[in-house]
Amino acid sequence: RAVTRDHIAGDEREAARVVAAGGHVMPAQDGKLRVLGKIEVTRSIGDKRFKPPLSAVPELHQEKVDEADFMVLATDGIWGWLSSQQAADMVRDTVKHADFGAKRVVGAAMDAGSDDNLAAIVIYLRDPGGVQRVF
């Protein structure tokens, strides 16, 4: 299950935050809502030319993850092409080596056509065990 929400211009709360910061949200040529008509994400460490209204301030909350085996942290270049469930299934069905799950998620986003920056980290919350299935 996802423990975060996407910080994108199409999210009602994020769009309101962007407007309150002096920006605007409008559709781009691809039909997706974008900040200033240019960038889909509303929070970013980089992208200085869009600040404000983009923000580097994270949204924080606590989440109990007792039943989780791992977490996938990734950039928008991944999440624009893969769902949280697809990424979780890939990690679950990949050799449990320290970096194989993250490599598989990045590779899948590339194969799907992402041309954005791609980075993923898999944090194992339990011993990942051995091989489940190799693709």
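The following exercises, each with a worked solution, concern a predicted model of one protein chain.

**Exercise 1. Overall organisation**

Determine how many helices and strands the chain contains and in what order the elements run.

*Solution.*
Step 1. Counting the elements gives four helices and four strands.
Step 2. Read from the N terminus, the elements follow the order α-β-β-β-α-α-α-β.
Step 3. For the dimensions, the C-alpha trace spans about 50 × 35 × 20 Å along its principal axes.
Step 4. The chain has 135 residues, of which 27% count as buried. About 8800 Å² is exposed, and carbon and sulfur atoms supply 54% of that area.
Step 5. Among contacts with a separation of 6 or more, 53% come from residues 24 or more positions apart.

**Exercise 2. The nonpolar cores**

Identify which residues of the largest nonpolar core touch the most other members, and which elements each supply at least two residues of this core.

*Solution.*
Step 1. The largest nonpolar core has 15 residues. Those touching the most other members are Phe70, Ile78, Leu82, Val91, Val105 and Val122.
Step 2. At least two residues of this core come from each of β3 (70–74), α3 (84–92), α4 (100–112) and β4 (120–124).
Step 3. The greatest contribution is that of α4, with five residues.
Step 4. There is also a second, separate core of seven residues, including Ala9, Val18, Ile39 and Phe50.
Step 5. As general background, nonpolar side chains in soluble globular proteins tend to be buried together.

**Exercise 3. The two faces of helix α1**

Establish which residues of α1 are buried, and which exposed residues lie on the face turned away from the buried side.

*Solution.*
Step 1. Helix α1 covers residues 12–20, and its buried residues are Glu14, Ala15 and Val18.
Step 2. Viewed down the helix axis, the buried residues of α1 fall within an arc of 100°, so they line one face of the helix.
Step 3. The face turned away from this buried side carries the exposed residues Glu12, Arg13, Val19 and Ala20.
Step 4. The packing partners of the buried residues of α1 are β1 (25–27) and β2 (33–35).
Step 5. At the N-terminal end, Asp11 acts as the cap of α1, with a side-chain oxygen 3.1 Å from the backbone nitrogen of Arg13. After the helix comes Gly22, whose phi is positive, near 95°.

**Exercise 4. The surroundings of Ser44**

Decide whether Ser44 is buried or exposed, and find which residues it contacts beyond its neighbours within four places in sequence.

*Solution.*
Step 1. Ser44 is located in the loop between β2 and β3.
Step 2. The relative accessible area of Ser44 is 12%, and the limit for a buried residue is under 20%, so Ser44 is buried.
Step 3. A polar atom of the Ser44 side chain lies 3.1 Å from the backbone nitrogen of Gly46.
Step 4. With neighbours within four places set aside, Ser44 is in contact with Lys51, Leu54, Ser55 and Ala56.

**Exercise 5. Salt bridges and their network**

State how many salt bridges the structure holds, and determine which residues are joined into one network by bridges that share partners.

*Solution.*
Step 1. The structure holds seven salt bridges. In general, side chains of opposite charge can pair when their charged atoms come close.
Step 2. One of the bridges joins the side chains of Glu59 and Arg5, at 2.9 Å from N to O. Glu59 belongs to the loop between β2 and β3 and Arg5 to the segment before α1, so this pair ties together parts 54 residues apart in sequence.
Step 3. Glu59 is partly exposed, at 31% relative accessible area, whereas Arg5 counts as buried at 17%.
Step 4. Another bridge pairs Arg43 with Glu14, whose closest N and O atoms are 2.9 Å apart. Here Arg43 in the loop between β2 and β3 is linked to Glu14 in helix α1, 29 residues apart. Glu14 is buried, with a relative accessible area of 1%.
Step 5. A further bridge connects Asp30 and Arg34, with the closest N and O atoms 2.4 Å apart. Asp30 is partly exposed at 46% relative accessibility, while Arg34 is buried at 16%.
Step 6. Bridges that share partners join Arg5, Asp11, Glu14, Arg17, Arg43 and Glu59 into one network.

How values were computed. Residues are numbered from 1 along each chain as its sequence is written. This is a predicted model: local features need pLDDT of at least 70, side-chain atom pairs count only at pLDDT 80 or more; totals for chains, interfaces and linings use all residues. Side-chain values use heavy atoms; hydrogens and water are left out. A nonpolar core is a set of buried Ala, Val, Leu, Ile, Met, Phe, Trp, Tyr and Cys residues joined through side-chain atoms within 4.5 Å. Buried means under 20% relative accessible area, exposed over 50%, partly exposed in between (1.4 Å probe, protein chains only). The arc is that of the directions from the helix axis to the C-beta atoms. Contact means heavy atoms within 4.5 Å. A polar contact is a pair of N or O atoms within 3.5 Å; within protein, one must be able to donate a hydrogen and the other to accept it, and residues adjacent in sequence count only if both atoms are side-chain atoms. A salt bridge is a side-chain nitrogen of Lys or Arg within 4 Å of a carboxyl oxygen of Asp or Glu. Accessible areas come from the Shrake-Rupley method with a 1.4 Å probe; for residues, only the protein chains shown count as cover.
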